[in-house]
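Subject: Structure for you to look at, with notes

Dear colleague,

Here is the structure I promised to hand over, together with its sequence. Please open it first, and then read the notes that follow it.

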Amino acid sequence: MRRLGMHRHSTRAVPALAFSEADLVNAALLLRRPLLVTGRPGTGKSSLAYQVSRELRLGRVLRWHITSRTTLQRGLYEYDAIGRVQDTAALRAAAGDEHMEAQDSPLGVGNYVQLGPLGTALLPYAEPRVLLIDELDKSDLDLANDLLSVFEEGSFAIPELLRSRRRHPTVRVLTDDPEGEAEIIGGRVNCRAFPLVIMTSNSEREFPPAFLRRCLLYQMPDPGEDDLAEMLAAHFGEETARQWGGDLIARFLERSRERGGLAIDQLLNSLYLATSHRTGGQDGSLLELADTVWHRLDGTGPGMKPA
């Protein structure tokens, strides 16, 4: 497998990725651009982020799951102003000092600031972090455009820390990593190695042209028979995959074509159910059981009414 220059400080290879995927990951890192991965639900779009992070040893993937209520600030950081006021009032009462202000509290402002997944990814790491922005097409219409300035600058300010930077030029805050902390200087976060940003979309809506121009685009193909066999082996072991996989995968691909596309987790669920219920290697029982979980994804399967 060809060796890839994923980052100028890295000589690691990505042996498990197809050339087209690897080339786009390389380009995303070198050009400091996000990679927008589109495709049907269940085709493994999100898995790409975890695969790259594992192969390049870039640490824990920072995952930002998007909903219709997600805002840019939520991805950057959260500030618990109410908690700070309440804690200051409690300290004021305990100390008998009615004039104590929040900035005079021994609990500094950093105790009430926590970086979100995007904010954590932009910290000045020596190696890039992997940020997964999952299901971006579920976002508010403005989020895609709001992300552009952050991606272009690779930095952002935290106003609550800017206001107190003369008194507290360096502040420690919480990050999105478990038990993680980071030092913020002068109220700004400035990245050093731009993160690898992988955004997924189920193509439920279109994005603004200005946003698409600044992204690298990748259409995730549907997995083939060999890909599915590897997935079963990875989840259930080689022996189980050999015993059950052949006929099950063939039937899955046939049903997927008939039913307008099925998700990979439907295949995994069917094999898990089969092995859990100990159908004794009877292919007919397995395939009959599999059909019960291979419903159409558009809500028109058995017992369902179209939306």
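I begin with the central sheet, which in this predicted model is an open one of five strands, arranged in the order E2-E5-E10-E1-E11 and paired in parallel. The edges are formed by E2 and by strand E11, residues 216-219, each of which pairs on one side only. On average, and with direction ignored, neighbouring strands of this sheet are turned by 20° against each other. Helix H2, residues 47-56, packs on the sheet, where it touches E1, E2, strand E5 (130-134) and E10, and the direction of H2 makes about 175° with that of E5.

Strand E1, which covers residues 35-38, is a good place to look at the sheet in detail. On one side, E1 pairs with strand E10 (residues 196-201) in the parallel sense over four bridges, and in this pairing Thr-38 stands opposite Ser-201 of E10. E1 also pairs with E11, again in the parallel sense and over four bridges, with Tyr-218 of E11 as the bridge partner of Val-37. As a general point, strands of a sheet pair through backbone hydrogen bonds, either parallel or antiparallel.

Are the two faces of E1 covered or uncovered? Both are covered, since Leu-35 and Val-37 on one side and Leu-36 and Thr-38 on the other are all buried. In a regular strand the side chains alternate between the two faces of the sheet.

Strand E7, residues 170-174, can be set beside this, for it has a covered face, made up of Val-171 and Val-173, and an uncovered one with Thr-170, Arg-172 and Leu-174. E7 is joined by five bridges to strand E8 (residues 181-185), and the two run antiparallel; within this pair, Val-171 stands opposite Ile-184 of E8. The hairpin of E7 and E8 has six residues between the strands, and Glu-179 in this hairpin takes a positive phi near 60°.

Two arginines also have positive phi values, and both are found in loops that lead into strands of the central sheet. Arg-32 lies in the loop between helix H1 (19-31) and E1, and its phi is near 55°, a positive value in a residue other than glycine. Arg-57 lies in the loop between H2 and E2 and, although not a glycine, has a positive phi of about 55°. How exposed is each of them? Arg-32 has a relative accessible area of 36% and is therefore classed as partly exposed, whereas Arg-57 reaches 71% and so counts as exposed.

The next item is the second largest pocket, which holds about 160 Å³ of space. Its lining consists of Arg-63, Trp-64, His-65, Thr-70, Arg-74, Glu-78, Gln-114, Leu-115, Gly-116, Pro-117 and Asp-176. The elements that give two or more residues to this lining are strand E2 (62-65) and strand E4 (113-115), and E2 provides the largest share, with three residues. Sorted by class, the lining has three nonpolar, four polar and four charged residues. In general terms, rolling a probe the size of a water molecule over the atoms shows where empty space is left.

Towards the later part of the numbering, Tyr-272 is found in helix H11, residues 264-276. Tyr-272 has a relative accessible area of 52%, which lies over the 50% cut-off, and therefore this residue counts as exposed. The C-alpha atoms of Tyr-272 and Leu-232 are separated by 9.9 Å, while the two residues are 40 apart along the chain.

Finally, some totals for the chain as a whole. Its secondary structure comes to twelve helices and eleven strands, and 44% of its 307 residues count as buried. Among contacts between residues at least 6 apart in sequence, 76% join residues that are at least 24 apart.

With best wishes

How values were computed
Residues are numbered from 1 along each chain as its sequence is written. This is a predicted model: local features need pLDDT of at least 70, side-chain atom pairs count only at pLDDT 80 or more; totals for chains, interfaces and linings use all residues. Side-chain values use heavy atoms; hydrogens and water are left out. On a 1 Å grid over the protein atoms alone, a cavity is a set of points where a 1.4 Å probe fits but cannot get out, and a pocket is an open set with protein on both sides within 12 Å along at least five of seven lines; lining residues have an atom within 4 Å of a point. Grid points are joined across faces, edges and corners, and a volume is the space filled by probe spheres set on the points. Ala, Val, Leu, Ile, Met, Phe, Trp, Tyr, Cys and Pro count as nonpolar, Asp, Glu, Lys and Arg as charged, and the others, Gly among them, as polar. Two strands pair if DSSP finds at least two bridges between them. Axes are lines fitted to C-alpha atoms, for helices over the stretch in contact, and angles run from 0 to 180 degrees between N-to-C directions. Contact means heavy atoms within 4.5 Å. Buried means under 20% relative accessible area, exposed over 50%, partly exposed in between (1.4 Å probe, protein chains only).
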